[in-house]
Amino acid sequence: MPHETQRLLAQGLRGVIYSKDFRENVYIMKEIPVTSLQRLPIYLNYLKSLDEQDNPGTYISSKIIAEALNMGEVLVRKDLAYTSAVGKTRVGYVRRELIDAIEDYLGCNSKKNAVIFGAGGLGRALLAYSGFKNYGINIVCAFETDPKRCGRLSGKPILEYKYAKPGIEQSGAKLAIIATPASSAQEVADLLVECGIKAILNFAPILLNVPDTCKVRNMDVAANLAILSSYLD
């Protein structure tokens with residue numbers, strides 16, 4: 001890897017805390033239904049949206065959370081039971097403690113490095129997005145096959161695809177985002193598995209073939225929009 005590329009990657013890694021418990025966080029889905037796991041960030045965002053000037057010892061009940069999010073109270077209570085949060089009968093949870101419990105369960109306090117493949121419109125938008133840090137995720141860099149797209153964006157390096165293997169090894173990343181065309185997504189997935197990536201967020205409109213040791217979550221934006229459009233008829 002050229003010296004300049006190493007320098008850019010090192011800058012992307014600056015200040016990163018590595019997680020030794022990442023493997024446990026990846027396989028957490030085995031202990032909780034996927035639908036419950038998907039709702040935990042919704043509860044977390046709601047709890048954080050409440051007035052920060054409130055006393056941190058303020059209690060909040062599952063009923064209030066359910067009404068605010070238009071969910072069932074029993075459902076909310078069951079979801080929160082997967083965390084370490086302990087509520088009091090007819091009182092609820094201490095809001096700050098509940099936030100901490102959900103963050104701990106989601107691994108928000110255990111920093112994890114991630115890389116992006118594809119620096120087109122979507123890949124660049126993801127690279128510039130600052131919200132990942134709220135969940136303990138640090139996007140180290142992106143990799144791109146077109147040298148004209150390489151450089152820096154929002155302080156993050158965009159490196160040539162040929163440096164992916166040493167780049168992933170140096171970053172210690174176990175998470176990856178695929179934002180490439182469908183035609184190259186499987187090739188990228190194969191490389192990621194070879195590099196020891198444990199979880200992939202796939203935006204390419206194709207089902208990836210990966211071993212069970214690697215978890216994949218597909219985000220086909222067009223397909224989801226088509227589903228929503230069916231409700232308009």
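**Cores and a helix pair in a predicted chain**

Among contacts (heavy atoms within 4.5 Å) between residues at least 6 apart in sequence, 62% join residues at least 24 apart. The model is predicted: local features need pLDDT of at least 70, side-chain atom pairs count only at pLDDT 80 or more, and totals for chains, interfaces and linings use all residues. Residues are numbered from 1 along each chain as its sequence is written, and side-chain values use heavy atoms, without hydrogens and water.

The chain holds 10 helices and nine strands. These are DSSP runs numbered from the N terminus: H or I of at least four residues for helices, E of at least two for strands. Of the 233 residues, 42% are buried, meaning under 20% relative accessible area with a 1.4 Å probe, protein chains only.

Start with the largest nonpolar core. Such a core joins buried Ala, Val, Leu, Ile, Met, Phe, Trp, Tyr and Cys residues through side-chain atoms within 4.5 Å. This one has 23 residues, and V115, F117, F143, I168, I178, L192 and I200 have the most contacts inside it. Two or more residues come from each of β3 (112–117), β4 (137–144), α8 (164–171), β7 (175–178) and α9 (182–194). Helix α9 gives the most, five. Beyond its neighbours within four places in sequence, F143 touches residues including V115, F117, L159, Y163 and I168. A second, separate core has 20 residues, among them I32, Y93, Y105 and C108.

Now turn to a helix pair. Helices α4 (62–69) and α5 (73–80) pack at about 115°, with axes 8 Å apart. Axes are lines fitted to C-alpha atoms over the stretch in contact, and angles run from 0 to 180 degrees between N-to-C directions. S62, K63, I65 and A66 of α4 meet E73, V76, R77 and L80 of α5.

Methods:
Buried means under 20% relative accessible area, exposed over 50%, partly exposed in between (1.4 Å probe, protein chains only).
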